[in-house]
Amino acid sequence: MVFLLLEVFLFSQLAQYRSVWRMATNKDVVLKLEEIHKQYESADRSPVEVLKGVSLTVKRGDSIAIVGPSGCGKSTLLNILGSLDSPTSGNIQLDGQELANLSEQELAAVRNKKIGFIFQSHHLLPQCSILENVLIPTLAEKGKASLDAVKRAKQLLESSGLEHRLTHRPFQLSGGECQRVAVVRALINQPSLILADEPTGALDHSNAETMTELLVKLNREDQATLIVVTHSMELAAKMETTYKLQNGIFSS
Ligand SMILES: Nc1ncnc2c1ncn2[C@@H]1O[C@H](COP(=O)(O)OP(=O)(O)OP(=O)(O)O)[C@@H](O)[C@H]1O
Ligand SMILES: [Mg+2]
């Protein structure tokens with residue numbers, strides 16, 4: 001009898017470990033990039049080849065840092081990842097959907113629903129208050145922010161130390177405060193994929209730490225997939241994986 005109970009107990013423990021292991025190893029692929037090339041035209045019309053065959057597979061809940069010298073193509077790559085720009089050649093799949101097959105309108109809907117962008121320059125609307133700026137991404141469906149969205153916006157602004165700035169306009173804020181507003185705006189629709197271009201670039205050490213903690217928390221607790229482009233080794237160290245972009249490709 002004792003042996004039977006022990007066997008049942010061990011079997012149930014094994015089943016539990018198996019399901020945890022399966023959850024950990026069987027994560028869905030969110031983004032898949034294959035051989036991405038990007039070429040710009042310079043002022044004298046000669047080609048500038050920025051990306052020369054970047055491939056990357058990102059799974060749900062991953063946290064990734066992309067580092068590399070200034071001008072190596074990090075923002076270019078992030079814009080392509082978020083469908084704000086298209087590659088010269090190569091394929092991108094987001095949640096199994098080939099982005100090249102979507103119309104501009106479909107791409108805009110995908111971006112609004114799934115992706116939170118934190119831009120290198122914050123792009124806040126000067127005529128709107130801080131609270132209104134944060135609520136803009138929530139207006140796409142009904143043209144009016146819901147009470148839930150307003151509550152979430154206020155909570156996020158508070159956790160970023162901006163609760164006393166709700167009615168201010170961007171020009172009344174410091175550069176670092178504007179950047180924090182831009183981070184909150186990117187998170188308002190609870191995106192499953194957060195793309196952040198130098199999210200702590202304009203912040204002092206303490207605010208950079210707060211912002212890093214907020215992003216890491218969203219990644220760990222809400223399973224938001226996080227890709228950050230950064231020059232900060234401190235922020236990169238908080239991510240699970242770091243890719244170095246150099247000479248148009250990822251190097252180890
Ligand atoms: N629209 C454009 N037309 C021509 N060249 C461009 C264009 N946009 C970017 N570039 C060039 O592509 C290269 C990569 O630019 P990108 O902004 O992606 O660099 P980055 O790695 O983000 O740099 P930083 O760390 O300074 O932000 C640069 O040499 C830049 O001059
Ligand atoms: Mg950049």
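Colleague: In this predicted model, how do the residues of the shell around ligand 1 divide into nonpolar, polar and charged?

Modeller: The residues around ligand 1 are Tyr40, Val48, Val50, Ser70, Gly71, Cys72, Gly73, Lys74, Ser75, Thr76 and Gln120. Glycine is counted with the polar residues here. On that basis the shell divides into 4 nonpolar, 6 polar and 1 charged.

Colleague: Which element gives the largest share of the shell around ligand 1?

Modeller: Two elements give two or more residues to this shell, namely β2 and α2, the latter covering residues 74-81. The largest share amounts to 3 residues, and the element that supplies it is α2.

Colleague: How many of the residues of α2 are buried?

Modeller: A residue is called buried if 20 or more other C-beta atoms lie within 10 Å of its own. In α2 this applies to Lys74, Thr76, Leu77, Leu78, Ile80 and Leu81. Lys74 and Thr76 also belong to the residues around ligand 1. The helix is thus mostly covered, and the number of buried residues is 6 of 8.

Colleague: Which residue just after α2 takes a positive phi?

Modeller: The helix α2 spans residues 74-81. Just after α2 there is a residue with a positive phi of about 65°, and that residue is Ser83.

Colleague: Is Pro47 buried or exposed?

Modeller: Pro47 is found in strand β2. Leaving aside its neighbours within four places in sequence, Pro47 is in contact with Gln39 and Glu41. A residue with 12 or fewer C-beta neighbours inside the cut-off is classed as exposed. Because Pro47 has 10 C-beta neighbours inside 10 Å, Pro47 counts as exposed.

Colleague: Which residue is the bridge partner of His37 in β2?

Modeller: Strand β1 (residues 29-41) pairs with strand β2 (residues 47-59) in the antiparallel sense, over 10 bridges. The two strands form a hairpin with 5 residues between them, and Arg45 in the turn has a positive phi of about 70°. Across this pairing, the bridge partner of His37 is Lys52.

Colleague: Which residue in β4 stands opposite Leu31?

Modeller: Strand β1 is also joined to strand β4 (residues 89-94). These strands run antiparallel and are linked by 5 bridges. Opposite Leu31 in β4 stands Leu94.

Colleague: Which strands are the edge strands of the open sheet of 6 strands?

Modeller: The order in this sheet is β6-β7-β8-β3-β9-β10, and its pairing is mixed. From one strand to the next, the twist averages 25°. An edge strand pairs on one side only, and this holds for β6 (115-118) and β10 (249-251).

Colleague: Which residue in β8 stands opposite Ala196?

Modeller: Strand β7 (residues 193-197) and strand β8 (residues 225-229) pair in the parallel sense, with 5 bridges between them. In β8, the residue opposite Ala196 is Val228.

Colleague: Which strands does helix α7 touch?

Modeller: Helix α7 consists of residues 175-187 and packs on the sheet. Its direction makes about 170° with that of β6. The strands that α7 touches are β6 and β7.

Colleague: How are α7 and α8 oriented to each other, roughly parallel or roughly antiparallel?

Modeller: The axes of α7 and helix α8 (residues 205-221) come within 11 Å and cross at roughly 5°. Angles under 35 degrees count as roughly parallel. The two helices are therefore roughly parallel.

Colleague: Which residues in α8 meet those of α7?

Modeller: The residues of this contact divide into 4 nonpolar, 2 polar and 1 charged. On the side of α7 they are Gly176, Arg180, Val183 and Leu187. In α8 they are Asn207, Met211 and Leu218.

Definitions and conventions:
Residues are numbered from 1 along each chain as its sequence is written. Chains are lettered from A and ligands numbered from 1 in the order in which they are written. This is a predicted model: local features need pLDDT of at least 70, side-chain atom pairs count only at pLDDT 80 or more; totals for chains, interfaces and linings use all residues. Two strands pair if DSSP finds at least two bridges between them. Helices (H or I, at least four residues) and strands (E, at least two) are DSSP runs, numbered from the N terminus. A residue is near a molecule or strand if its C-beta atom, placed from the backbone, lies within 6 Å of it. Axes are lines fitted to C-alpha atoms, for helices over the stretch in contact, and angles run from 0 to 180 degrees between N-to-C directions. Two residues are in contact if their C-beta atoms, placed from the backbone, lie within 7 Å. Angles under 35 degrees count as roughly parallel, over 145 as roughly antiparallel, 65 to 115 as roughly perpendicular and the rest as oblique.
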